[in-house]
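User: Hi! Could you walk me through the ligand site in this one?
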Amino acid sequence: MRKRRFLRFTKTGVVLTLCAALLLSGCAGKPVAEEKKSVRIGVSLYRGDDTFINNIRGELEERAKAYEQKSGIKVMLDIQDAKGSQNTQNNQVERFISLGCDVLCINPVDRMDASVMIDRAMTAGVPVVFFNRQPVEEDMNRWDQLYYVGVDAKESAVLQGNIVVSQYREDPASIDFNGDGKVSYVLLEGESSHQDSLIRTEWSIQTLKDGGVPIEKITGGIANWERSQASALMEQWLETYPGEIEPVVSNNDDMALGAIDALERAGGQRINLIGIDATTPGQEAVQAGKMLGTVSSDKGRYAQAILDLSAAKALNQPIQTDIPLENGKYYWSAQEIVKKVKQ
Ligand code: BGC
């Protein structure tokens, strides 16, 4: 009797020990989740030939290398160009998911049409960090694994406007060339569907008004962020309004550079141009004295935020505290004015 009880006791002990071992090893025979040694990030760019996006891409690649060295975790960045097609981008998202990407970084082609990509990501349980082209709020609120990295468009515009305001206050004649008491400007606008275009246009002009610059609009046009389109518009305006254009207010650097191209073709007339982005060619133009100024959206921090958010999501780690997120999902990159460094 005692022997049987002892046997039963030992059997129970063995079963309990086995259960405990199973539990410790992750239950039901599954091994404990090994620490990830690599992360796979699928990146889709709305257009690889966009200067600003290209600058961000370069920063992202550098930051990924630095992250690898520091953490010992391999970062596999699969960067694809959607070449302006939402359909192509949807297919890229599909492919990233089938390749087992841990996280997606998407610069949407059509920011109003992110729902298909969100559906796919949600079904597959793959978090998404959108950047630069902000999906509508309704889409962003569909899942708590959607993030956005960008710059505050109003802030960019106010800083841009202030470049002109301070120059005008310092030396009105350097802005109002013909001294007629009016600052006659032309405006180059980005894509009409882009959140940055409308807000930048509104607030850069409002800042000029608030700053007491006596502005008068000659004309404006949409050049879709593109240097060549801006150059063509500026060429027309120089013909239609000879000697009248004082500042050129541009929603981004590339279009300001296009206006410079047209000015140079027309004989190199001196005009004040103000951009936004501080892209590499934009900064060069400022330092060469071809542009009055631009606004820098710290692209290093911008790319770092994309990378850190992605790595945290891929590794299932908490998001670092140095990435402040508005409403738990929006990261706004810091900005500052860039003017010619006085020698
Ligand atoms: C930038 C532009 C860029 C556009 C692309 C804007 O925020 O200022 O230079 O072309 O984003 O989406």
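Analyst: Happy to; here is a short tour of the ligand and its surroundings. This is a predicted model, where local features need pLDDT of at least 70, side-chain atom pairs count only at pLDDT 80 or more, and totals for chains, interfaces and linings use all residues. Residues are numbered from 1 along each chain as its sequence is written, and side-chain values use heavy atoms, with hydrogens and water left out.

User: Cool. Which residues surround the ligand?
Analyst: Among them are Tyr46, Phe52, His194, Trp225 and Asp277. A residue is near the ligand if one of its heavy atoms lies within 4 Å of it.

User: And how many of the shell are nonpolar, polar or charged?
Analyst: There are 3 nonpolar, 3 polar and 5 charged residues. Ala, Val, Leu, Ile, Met, Phe, Trp, Tyr, Cys and Pro count as nonpolar, Asp, Glu, Lys and Arg as charged, and the others, Gly among them, as polar.

User: What does the side chain of asparagine 132 do with the ligand?
Analyst: One of its N or O atoms is 2.6 Å from an oxygen atom of the ligand. That is a polar contact, meaning a pair of N or O atoms within 3.5 Å. Arginine 133 also has a polar side-chain atom 2.8 Å from a ligand oxygen, and for aspartate 196 the distance is 2.6 Å.

User: New topic: why does the ligand lie between domain 1 and domain 2?
Analyst: Both domain 1 (38-150 + 299-333) and domain 2 (153-297) give residues to the shell, so the ligand lies between them. Those bounds come from an automatic or database domain assignment.

Note on methods: A polar contact is a pair of N or O atoms within 3.5 Å; within protein, one must be able to donate a hydrogen and the other to accept it, and residues adjacent in sequence count only if both atoms are side-chain atoms.
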